[in-house]
Amino acid sequence: MSEDNNNGREYILDADSELRFEIEQKEAKVFLTLISGLAELFGTELVKKKKYEFGIGAKVAIFTYQGCVLQVTGKMDVCYISKETPMIQYINCHAALEQFRIDAEEHDKRGPVILVVGPMDVGKSTLCRILLNYAVRVGRRPLYADLDVGQGAISIPGNIATVLIERPASVEEGFAKTAPLVYHFGHKSPSGNSVLYNAVVSKMAEVTLQSLDANKRTKSSGIIVNTCGWVKGYGYKHLLHAARAYRARAIFVLNQERLYNDLLRDVPSNVHVVLLPKSGGVVERTKELRHESREQRIKEYFYGNIRTPFYPFSFEVKFQDLRLYKIGAPPLPDSCMPIGMKAEDNKKKVVPVTPTPSLLHHILTLSFAESTDENVIGTNVAGFCCVTEVDMERQSVMLLSPQPRPLPPNALLLWSEVQFMDNHA
Ligand SMILES: Nc1ncnc2c1ncn2[C@@H]1O[C@H](COP(=O)(O)OP(=O)(O)O)[C@@H](O)[C@H]1O
Ligand SMILES: [Mg+2]
C-alpha cells in the first residue's frame, strides 16, 4: 500500500514483507526514512526518522518482521512491495549458527565455519551480509572471508580477503573495511590460474583458522565464507577445495538444486549442506554491469566516496627502481621441466616482469614480502597502486597510490590482470 503527499510517498508494509527498489539513472538520488515500526536493510536495523540516501546502482530491500511505515522521496526505476521473501529461512539459518556458537562457547571450541555458494547473482553476498549482521547484533564477532575475486566486497577485484566484523554494516556503505587480511591472486576469475587460486585460499584459510584461537569471542563466532559464482567444472572443484581448506561445518547453497546434490554427494557426511531459495528481488546483472561494479570498487579504493573522499597521490618511479613480478610462468611441457618439478609448480613461480607500454592501467599489488626468497604467495598484501602512465623514453611509470612517495624501501610489486582507467583526477 502506498500514499503520495508533499514529502514523497509513504509505504505501509505488513509483517514479513519488504519494499524493494532499484536506481539506474545517473545523478538520481533517493531518500528513505523509517516513519514507524521496525525495519532492516539486509540485516541492519534502520534508525527511526533518519534520512538514508541511495544513488545509482542501488538495489535494495527493506524488510520488516513486525510491519512498518516507510517514506521514500526521489525517482526510482523499480519500486514495489513483496510478501514473498526467503527471510524466514535466512533467520532460521542464523538461529542454527547460534546453536553452534553457544555450543562452541561452552566447550571452548571453534564456532561454525560456513560457506555460502551458488551461481552468479543469486544473493550470496547479501545472505553473508544478513548472517553477519544478525551475528553482531547478538554480540558475536565473526570473521568474513570473501573468496570472490571478481565481485569481492572487502578488497579490490583480483584478491581474496578476510575482515573482522565488529558492528553491523552501514545501511549506505556496507561493512567497514578496516584492517583486512588480503592475499594477492591477480586475476578476475579463479580460471586465470587455478593452482594459484587454491594455494592462496589454503593460505588464507590456514591463517584465519589459526587466528580464531587467539580471540575467545571470535573463536566461538566462527567464519562466514563468501565464494565465486563459478560453480561448474573447475569452479565446482574450487568450492570443494575451499570447503576442505576451511573445514566447513555447513554449506549454504543458494538456488541451485544440482549444485546442492553434487555437494551432498561429494562432501563428508558431517558437513551440513542446506539448500536455500534466492530472493525474487535479486536481479541478474549484465556483463557490463559487473565490469562497472569492479571499476567502482577500485575507484572507491583510491578515491573513497562522497561521504568520505580520499585524495590519492601520483608519482613517478624509474624502471630501475620498480621491483615488479608476476606469479605464474607460461606453461612448459613436462619434458622441459627441471627434474623433480611439476607443471603445477610453474603456476606458482614468481617471475620478474620487464616494464613495457602494456603495463598501462594495470593494478600493481604491494606485497609485504621484501624479496622473492620469501614465500610471496603466502605473504599478505599492504595495498595497491595503478599504473597511469608508461614513459619509455624516461624509462619510468607514473603510479596512482593511496600513500605519498616514495614506495617503501625494497617494495615488491605484483602484476595484476585487473585494470583501472583513472579518469577521476
Ligand atoms: N531482496 C532483495 N531485493 C532487491 N534487491 C536485492 C535483494 N537481495 C539482493 N539484492 C540485490 O541483488 C544484487 C545481487 O545480489 P548479490 O548478493 O550481490 O548476489 P551474488 O553475491 O550472488 O552475486 C545486489 O545488488 C543486491 O543488493
Ligand atoms: Mg557476491
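This is a conversation between a visitor and a guide about a predicted model, its ligand, its empty spaces and two points of its backbone.

Visitor: What makes glutamate 18 a polar contact of ligand 1?

Guide: A nitrogen atom of ligand 1 is 2.9 Å from an N or O atom in the side chain of glutamate 18, and a polar contact is a pair of N or O atoms within 3.5 Å, so this pair qualifies.

Visitor: Which polar atoms of valine 122 and arginine 285 lie by an oxygen atom of ligand 1, and at what distance?

Guide: For valine 122 it is a polar backbone atom, 3.0 Å from an oxygen atom of ligand 1, whereas for arginine 285 it is a polar side-chain atom, at 3.2 Å from an oxygen atom of the ligand. The protein as a whole covers 87% of the 560 Å² of accessible area that ligand 1 has on its own.

Visitor: Which residues around ligand 1 come nearest, and what classes make up the shell?

Guide: There are 16 residues around ligand 1, of which Glu18, Lys59, Lys124, Ser125 and Thr126 come nearest. By class, the shell has five nonpolar, five polar and six charged residues.

Visitor: How do you know that the shell draws on two domains?

Guide: At least three of its residues come from each of domain 1 (2–85) and domain 2 (87–276). In terms of secondary structure, β3 (17–22), β8 (59–64) and α2 (124–137) each supply at least two residues of the shell.

Visitor: Why is the space lined by Leu147, Pro190 and Tyr197, among others, called a cavity?

Guide: The word applies because a cavity is a set of points where a 1.4 Å probe fits but cannot get out. The structure holds two cavities of 30 Å³ or more, and about 70 Å³ of space lies in the largest, the one you point to. Its lining also includes Thr227, Cys228, Trp230 and His238, and α5 gives the most to that lining, with four residues.

Visitor: What makes the count of charged residues in the lining of the largest cavity come to none?

Guide: Asp, Glu, Lys and Arg count as charged, and the lining consists of Leu147, Pro190, Tyr197, Thr227, Cys228, Trp230, Gly235, His238, Leu239 and Ala242, so the division is seven nonpolar, three polar and no charged residues.

Visitor: What is the volume of the second largest cavity, and which strand gives the largest share of its lining?

Guide: The second largest cavity has a volume of about 40 Å³, and strand β13 (residues 159–164) provides the largest share of its lining, three residues. Asp146 and Asp148 are among the lining residues, and the lining divides into six nonpolar, four polar and two charged.

Visitor: Why is the space by Tyr246 and Arg247 called a pocket rather than a cavity?

Guide: The name follows because a pocket is an open set of points, whereas from a cavity the probe cannot get out. This one is the second largest pocket, with a volume of about 330 Å³. Of the 16 residues that line the pocket, Tyr246, Arg247, Ala248, Arg249 and Val271 are the closest to its centre. Helix α5 (residues 234–245) supplies the largest share of the lining, three residues, and by class the lining has nine nonpolar, two polar and five charged residues.

Visitor: Where is the cis peptide bond, and what is its omega?

Guide: The cis bond joins arginine 405 and proline 406, with omega about -5°, and proline 406 is found in the loop between β23 (396–401) and β24 (412–419).

Visitor: What makes asparagine 255 worth a mention?

Guide: Asparagine 255 has a positive phi of about 60° although it is not a glycine, and its place is in the loop between β16 (250–254) and α6 (257–266).

Technical notes: Residues are numbered from 1 along each chain as its sequence is written. Chains are lettered from A and ligands numbered from 1 in the order in which they are written. This is a predicted model: local features need pLDDT of at least 70, side-chain atom pairs count only at pLDDT 80 or more; totals for chains, interfaces and linings use all residues. Side-chain values use heavy atoms; hydrogens and water are left out. On a 1 Å grid over the protein atoms alone, a cavity is a set of points where a 1.4 Å probe fits but cannot get out, and a pocket is an open set with protein on both sides within 12 Å along at least five of seven lines; lining residues have an atom within 4 Å of a point. Grid points are joined across faces, edges and corners, and a volume is the space filled by probe spheres set on the points. A residue is near a molecule or strand if one of its heavy atoms lies within 4 Å of it. A polar contact is a pair of N or O atoms within 3.5 Å; within protein, one must be able to donate a hydrogen and the other to accept it, and residues adjacent in sequence count only if both atoms are side-chain atoms. Accessible areas come from the Shrake-Rupley method with a 1.4 Å probe; for residues, only the protein chains shown count as cover. Domain bounds come from an automatic or database domain assignment.
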